[in-house]
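Colleague: Before we discuss the ligand site, please show me the model and explain the terms as they arise.

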Amino acid sequence: MARVKAIGILTSGGDSPGMNAAIRAITRSAICQGFKVFGIYRGYDGLINDEIKPFTSENVSNIIQRGGTILKSARSKAFTTPEGRKKAYENMQAHGIDALIVIGGNGSLTGARIFAEEFDVPCIGLPGTIDNDLYGTDLTIGYDTTLNTIVQCVDKIRDTANSHERIFLVEVMGRDAGFLAQNSALASGAEAAIIPEDSTDADQLEHFIGRGIRKSKNSSIVIVSESPKCGALYYAERVRKEYPQYDVRVSILGHLQRGGSPSARDRILASRLGAGAIDAILDGQRNVMIGIRNDIVVYVPFSDAIKKEKPIDKSLIKVLDELSI
Ligand code: F6P
């Protein structure tokens, strides 16, 4: 296997706080180890459209504290086509880039996996998503910051919930995963979380109301995972019809959850994973995601990270039930 000389970095999919800290860590570790570094703008689209610039240590100065991604991000349609990927490979060759580091979620790492197999390019992934839904890593970059943002919002919503004696349904992101909903509910002292992982069990709204929470409290907060069919608006409608005695309101937190300065925990995670990506290249690793498990940096094959389901700890549902009496 030829020795890697130049590394391209891109961020792809939904941005997440801490992506900049990861870009900084990769760039500086790579430079320390004698690699050339290229920043690729707008995700895979930038690789296809040749938006590629050499990076020095200065390019990543003063970014560790910034949310979003200085490289911009995109969900590339073109990269899902063989023609798009061929163009991307040609541009990599033209710049002499012989390894790619992709910071992103499930879809982005799936793209990296296909590309790596098609063109025999070493690709390393970093888990960058607020959803925390990648198998093989305890945490993903951005999750902790978003969790804290949600908790700050719920603390504020609680004032109105209390003053007006209302049920508040707070909708949070997470795509198909309930990590943000479940853990923000625990951290904010909410009465319940309605999460996709629990949807096969008894009706979650009935369960929540059935516990008679309103008999002992004058307000309640329920965190609801986003869902095209049964998000917070759906449950609010049901409360209005099925339990008209309750005054219900909805708060959809939306993209404010993805913004803001990364927490210390996300900055440390991103820094360790970024340095780990360069170690992986030096180790001759390819087509793996760098994760962190039990505080140890690990290499997770793309196939596992993407395909295996990361289970939510269902015992937390019971804890939440018990703590909200
Ligand atoms: O994957 C991150 C995420 O924020 C999900 O939680 C959410 O479903 C999705 O991205 C929203 O994507 P967009 O910003 O493209 O609307």
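Modeller: The largest pocket holds about 550 Å³ of space, a volume being the space filled by probe spheres set on grid points joined across faces, edges and corners. Of its 29 lining residues, the closest to its centre are G13, R75, G107, S108 and R175. This is a predicted model: local features need pLDDT of at least 70, side-chain atom pairs count only at pLDDT 80 or more, and totals for chains, interfaces and linings use all residues. Residues are numbered from 1 along each chain as its sequence is written, and side-chain values use heavy atoms, without hydrogens and water.

Colleague: What makes a space the largest pocket rather than a cavity?

Modeller: On a 1 Å grid over the protein atoms alone, a cavity is a set of points where a 1.4 Å probe fits but cannot get out, whereas a pocket is an open set with protein on both sides within 12 Å along at least five of seven lines; lining residues have an atom within 4 Å of a point. The ligand takes up the space of the largest pocket; a molecule sits there if more than half of its atoms lie within 2 Å of the grid points.

Colleague: Why does the E226 pair count as a polar contact?

Modeller: A polar side-chain atom of E226 lies 2.5 Å from an oxygen atom of the ligand, and a polar contact is a pair of N or O atoms within 3.5 Å, so the pair qualifies. For H255, a side-chain N or O atom is 2.8 Å from a ligand oxygen, and for R258 the distance is also 2.8 Å.

Methods: Polar contact = N/O pair within 3.5 Å; in protein donor to acceptor, adjacent residues only side chain to side chain.
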